[in-house]
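Got your viewer open and a way to select residues by number? Let's take a walk through the model, one selection at a time.

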Amino acid sequence: MASKVHLVRHAESVHNVTHDFSQLDPELTPLGLQQATGLGQLFPYAPQVGVIITSPLKRAVQTTLTAFSHILDKRYFDPDSGYGVENGAALFLEPDLQERSALPCDTGSPTRVLDAAFPRLGVQDLAEGWQVKEDFYSPADEAVEERAQKMRSRIAAVFI
C-alpha cells in the first residue's frame with residue numbers, strides 16, 4: 001500500500017499579526033493555537049498517521065504538538081499533561097523544511113533555546129548551526145531547491 005504525504009503549514013504566529021519581522025523565531029498567537037487545535041479536530045487521516053516531520057521553527061513545532069497531540073507518541077509530552085498516545089506517531093524535526101528567508105522571523109532558534117522550550121523532542125540531534133542562513137540553508141534559490149530536492153528524495157525513499 002502506498003503512503004500518503006499531507007503537507008500542513010504552521011498556524012498564525014506573532015509576526016503574521018504584528019508584521020514585526022525582526023522577532024527571532026516567533027511563537028503562535030492565541031488564535032494560532034486555536035487554529036492548530038481546530039486542525040487536529042478536523043484532520044480526517046489521524047488513524048493512518050505513523051510519522052510527522054516538521055520544521056524546527058517554534059511556530060511549526062507548536063502547531064504540530066497542538067494539532068496532533070492525539071496522534072503523536074506520548075514520549076514527546078510531559079507525562080502529567082495527558083497528551084500523546086501509547087505507540088503513537090514518531091516526530092522528526094527536519095531543518096531542511098525551515099523557512100527560506102533570512103529575516104529574523106524566519107530564522108530558527110539555537111538548539112539550547114529549543115531544548116528549553118521543547119525538552120522532550122530530542123532537539124539536541126539537530127546539526128549545530130542548522131538555523132544559520134548560509135550555504136545549504138541560505139535563502140538563495142539554488143540552496144532552497146537543493147533542500148527541497150533532498151526532502152522529496154528522502155520522503156520518496158523512506159515513506160512512499
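Start by selecting Lys58, Arg59, Ala60, Val61, Gln62, Thr63, Thr64, Leu65 and Ala67: these are the buried residues of helix H3. Buried means under 20% relative accessible area, exposed means over 50%, and partly exposed is in between (1.4 Å probe, protein chains only). Helices (H or I, at least four residues) and strands (E, at least two) are DSSP runs, numbered from the N terminus. You're looking at a predicted model, in which local features need pLDDT of at least 70 and side-chain atom pairs count only at pLDDT 80 or more, while totals for chains, interfaces and linings use all residues. Residues are numbered from 1 along each chain as its sequence is written, and side-chain values use heavy atoms, with hydrogens and water left out.

Because 9 of the 10 residues of H3 are buried, this helix is largely enclosed by the rest of the structure. What covers it? Show helix H1 (14-18), helix H2 (30-42), S1, S2 and helix H4 (111-117), which are among the parts covering the buried residues of H3.

Next, colour strand S1 (residues 51-54). Its side chains take turns: Ile52 and Thr54 point to one face and are buried, while Val51 and Ile53 point to the other and are not. That fits a wider pattern: in a regular strand the side chains alternate between the two faces of the sheet. Now add S2 (residues 90-93), which runs parallel to S1 and is joined to it by 4 bridges. (Two strands pair if DSSP finds at least two bridges between them.) Val51 has Ala90 as its bridge partner in S2. Together, S1, H3 and S2 make a right-handed β-α-β unit; right-handed means that, with the strands pointing away from you, the path from the first strand over the helix to the second runs clockwise.

Now pick Phe68. Leaving out residues up to four places away in sequence, Phe68 touches Val8, Leu39, Phe43, Ile52 and Thr63 (contact means heavy atoms within 4.5 Å). Ring pairs also link Phe68 with Phe43 and Tyr45 into a cluster; rings of Phe, Tyr and Trp (its six-membered ring) pair if their centres lie within 6.5 Å, with planes under 30 degrees apart counting as stacked, over 60 as edge-to-face and the rest as tilted.

Time for some charges: which residue forms a salt bridge with Asp106? Select Arg59, whose closest N and O atoms with Asp106 are 2.8 Å apart. Asp106 lies in the loop between S2 and H4 and Arg59 in helix H3, so the pair ties together parts that are 47 residues apart in sequence. A salt bridge here is a side-chain nitrogen of Lys or Arg within 4 Å of a carboxyl oxygen of Asp or Glu. Asp106 is buried at 10% relative accessibility, and Arg59 is buried too, at 0%. Add Arg9 and Glu99, and you have a network of salt bridges linking them with Arg59 and Asp106.

Last stop: Met151, in helix H5 (residues 141-159). Is Met151 buried or exposed? At 6% relative accessibility, Met151 counts as buried. Apart from neighbours within four places in sequence, Met151 is in contact with Glu94, Asp96 and Leu97. Stay on Asp96, which forms a salt bridge with Arg154 (3.7 Å, N to O).
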